Amino acid sequence: MDGTNGQNKSGLNAPKKDYSRPMHTTEHILNQAMCRRFNCGRAFSAHIEAKKSKCDYRFEASKVPSSEDLAAIEAEVNEVISRNLEVTSRIVTREEAAKYTDLSRLPEDASEMVKLVFVGDYDVCPCIGAHVANTSEIGKFRIISTDYKDGVLRIRWKVEAAACTC
Ligand SMILES: [Zn+2]
């Protein structure tokens, strides 16, 4: 970095899609909640849309979460959202990023500089998407349904809009 505006010069890959910010930020929190509870890794596939989204996780058949487990995930995600955590980002070298998070799933052609996104002190991961500035903007997380097939747990979920405070 040369002290001028590094963001335009860092050569970061551009976002592929204009996500719904609340939904996409919730995806970060859900992934961290899943990792903490089940040690299953972050979703290997996700479809994030404004109204409802889905995330796919790999599970062995004997370890598929029960409905109680999933209720606990829903509660944890909502508890994290309710902490009003700031969502911030830092652009760092890959070497620096590796100290915080697993980079093994970055695409081969990813930039040398990596944008790390922090949801308070709860989650950090490399991401080029668009996020809310604070989890207070998110609203309520709901799991709509889940199913399990061929080693993949699919969670369908949504966020209900944050209550108007005016
Ligand atoms: Zn993101």
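## The β4–β5 hairpin

Leu116 sits across from Pro126 of β5, and another rung has Val119 with Asp123 of β5 as its bridge partner. Strand β4 covers residues 113-119 and β5 covers 123-126; the two run antiparallel and are joined by 4 bridges. Strands count as paired here if DSSP finds at least two bridges between them. Together β4 and β5 make a hairpin with 3 residues between them, and in that turn Gly120 has a positive phi of about 50°.

A word on what you're looking at: this is a predicted model, where local features need pLDDT of at least 70, side-chain atom pairs count only at pLDDT 80 or more, and totals for chains, interfaces and linings use all residues. Residues are numbered from 1 along each chain as its sequence is written.

## The chain as a whole

The protein chain has 4 helices and 7 strands, and from the N terminus on they come in the order α-α-β-β-α-β-α-β-β-β-β. Both kinds of element are DSSP runs numbered from the N terminus: helices are H or I with at least four residues, strands are E with at least two.

Of the 166 residues in the protein chain, 24% are buried. Buried means 20 or more other C-beta atoms within 10 Å of a residue's own, exposed means 12 or fewer, and partly exposed is what lies in between, with C-beta atoms placed from the backbone. Looking at contacts in the protein chain with a separation of 6 or more, 66% are between residues 24 or more positions apart. A contact is a pair of residues whose C-beta atoms, placed from the backbone, lie within 7 Å.

## Two open sheets

The hairpin belongs to an open sheet of 3 strands, ordered β3-β4-β5 with antiparallel pairing. Its edge strands are β3 and β5, each pairing on one side only. From one strand to the next, the twist averages 25°. Angles run from 0 to 180 degrees between N-to-C directions, and axes are lines fitted to C-alpha atoms, for helices over the stretch in contact.

The other open sheet has 4 strands in the order β1-β2-β7-β6, again with antiparallel pairing. Here β1 and β6 stand at the edges with a single partner strand each, so one side of each has no neighbour in the sheet. Neighbouring strands of this sheet are turned against each other by 20° on average, direction ignored. β6 and β7 (residues 152-160) pair in the antiparallel sense over 9 bridges, and one of the matched pairs is Ser145 with Arg156 in β7.

Strand β6 (residues 140-149) also holds Asp147. Asp147 counts as exposed because 10 other C-beta atoms lie within 10 Å. Its C-alpha atom is separated by 9.7 Å from that of Val64, 83 residues apart along the chain.

## Helix α2 and its neighbours

Helix α2 (residues 21-38) has 18 residues and reaches 26 Å from its first C-alpha to its last, close to the 26 Å expected at 1.5 Å a residue. That expected span is 1.5 Å times one less than the number of residues. Buried residues of α2 include Pro22, Met23, His24, Ile29, Leu30, Ala33 and Met34. The helix lies across β1, β2 (53-58), β6 and β7, and runs at about 25° to β2.

α2 also packs with α3, at an angle of about 130° and with the axes 9 Å apart. The contact brings together Thr26, Ile29, Leu30, Ala33, Met34 and Arg37 of α2 and Asp69, Ala72, Ile73, Glu76, Val77, Val80 and Ile81 of α3. α2 and α3 are therefore oblique to each other; angles under 35 degrees count as roughly parallel, over 145 as roughly antiparallel, 65 to 115 as roughly perpendicular and the rest as oblique. Their crossing is right-handed, a label used if the near helix is turned clockwise from the far one by less than a right angle, with anticlockwise called left-handed.

## Two asparagines with positive phi

α2 is followed by Asn39, found in the loop between α2 and β1 (45-47). Asn39 has a positive phi, near 55°, and is a residue other than glycine. Asn39 counts as exposed because it has 8 C-beta neighbours inside 10 Å.

Asn84 also has a positive phi near 55° without being glycine. Asn84 is in the loop between α3 (67-81) and β3 (87-93), and is exposed, with 11 other C-beta atoms within 10 Å.

How values were computed: Two residues are in contact if their C-beta atoms, placed from the backbone, lie within 7 Å.
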